[in-house]
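Student: I would like to take a close look at the sheet in this model, strand by strand. Could you start from one pair of facing residues and work outwards from there?

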Amino acid sequence: MNFPQDLKYAKSHEWLRVDSNAAYVGISDYAQSELGDIVFVDITAGIGEELTKGSVFGTIEAVKTVSDLYMPIDGKIIEVNQTIIDTPETINKDPYGEGWLIKIEPAGEPSADMMDSATYQSTTGH
């Protein structure tokens with residue numbers, strides 16, 4: 001199981017990677033392994049939409065379950081990863097690289113309740 005140290009993690013298993021003016025959001029390696037084979041991703045929030053932390057921005061569907069996707073921080077969606085729409089199994093293969101979900105313009109810094117790698121890993125039991 002992979003828990004990159006340069007990311008922040010939400011209790012709902014989304015990760016956040018902040019680059020200069022933008023941030024990427026995806027689901028963790030732990031989350032994709034718990035879901036199993038991902039067959040469909042539906043990003044319901046549109047480009048330019050401003051969402052608050054905890055807002056649902058879409059759903060992810062595996063063979064046996066559907067889960068909501070939550071914004072880890074306040075921000076505006078500036079890009080949706082078309083790769084995961086066309087080939088959702090990319091998330092199973094590369095959740096921290098090609099399997100990112102959305103790119104956002106953050107409205108602030110990650111909050112204190114986002115976890116570092118070691119803390120998040122301890123919550124998963126791995």
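Tutor: Let us begin with Lys76, which stands opposite Glu105 in S9. Before we go further, please keep in mind that this is a predicted model, in which local features need pLDDT of at least 70, side-chain atom pairs count only at pLDDT 80 or more, and totals for chains, interfaces and linings use all residues. Residues are numbered from 1 along each chain as its sequence is written, and side-chain values use heavy atoms, with hydrogens and water left out.

The two strands at our starting point are strand S8, residues 75-80, and strand S9, residues 102-106, which pair in the antiparallel sense over five bridges. Strands here are DSSP runs of E with at least two residues, helices are runs of H or I with at least four, and both are numbered from the N terminus; two strands pair if DSSP finds at least two bridges between them. Another contact of this kind places Gly75 opposite Pro106 in S9.

Lys76 also leads us to another strand, since it is the bridge partner, in S8, of Glu50. Glu50 is found in strand S5, and S5 is joined to S8 by two bridges, with the two strands running antiparallel. Glu50 counts as exposed because its relative accessible area is 64%, where exposed means over 50%, buried means under 20% and partly exposed lies in between, all with a 1.4 Å probe and protein chains only. If you compare Glu50 with Lys8, you will find them 42 residues apart in sequence and 20 Å apart in space, taken from C-alpha to C-alpha.

We can now place these strands in the whole sheet, which is open, has six strands in the order S1-S2-S3-S9-S8-S5, and is paired in the antiparallel sense. Its edge strands are S1 and strand S5 (50-51), each of which pairs on one side only.

From S9 we can step across to S3, which pairs with S9 in the antiparallel sense over three bridges, and there Ala23 stands opposite Ile104 in S9. Strand S3, residues 22-27, is mostly covered, for six of its six residues are buried. Their side chains are divided between two directions: Ala22, Tyr24 and Gly26 point one way from S3, while Ala23, Val25 and Ile27 point the other way, and all are buried.

The next step takes us from S3 to S2, and these two strands pair in the antiparallel sense over six bridges. They are joined by a hairpin that passes through two residues, and one of the bridges links Leu16 with its partner in S3, Val25. Before S2 comes the loop between strand S1 (8-9) and strand S2 (14-19), and His13 is found in that loop. Phi of His13 is near 80°, a positive value in a residue other than glycine, and His13 counts as partly exposed because its relative accessibility is 25%.

S2 also takes part in a contact between side-chain rings. A search of the whole structure finds four aromatic pairs, where rings of Phe, Tyr and Trp (its six-membered ring) pair if their centres lie within 6.5 Å, and planes under 30 degrees apart count as stacked, over 60 as edge-to-face and the rest as tilted. One of these pairs is made by Trp15 and Tyr96, which are 5.9 Å apart from centre to centre with 50° between the planes, and so count as tilted. Because Trp15 lies in strand S2 and Tyr96 in the loop between helix H3 (90-93) and S9, the pair ties together parts that are 81 residues apart in sequence. Both Trp15 and Tyr96 are buried.

There is also an aromatic cluster, formed by Phe3, Tyr9 and Tyr120, and Tyr120 brings us to a helix. The buried residues of helix H4, residues 117-124, are Ser117, Tyr120 and Thr124. They lie on the same side of H4 because they cover an arc of only 70° around the axis, the arc being that of the directions from the helix axis to the C-beta atoms. On the other side of H4, Ala118 and Ser122 are exposed.
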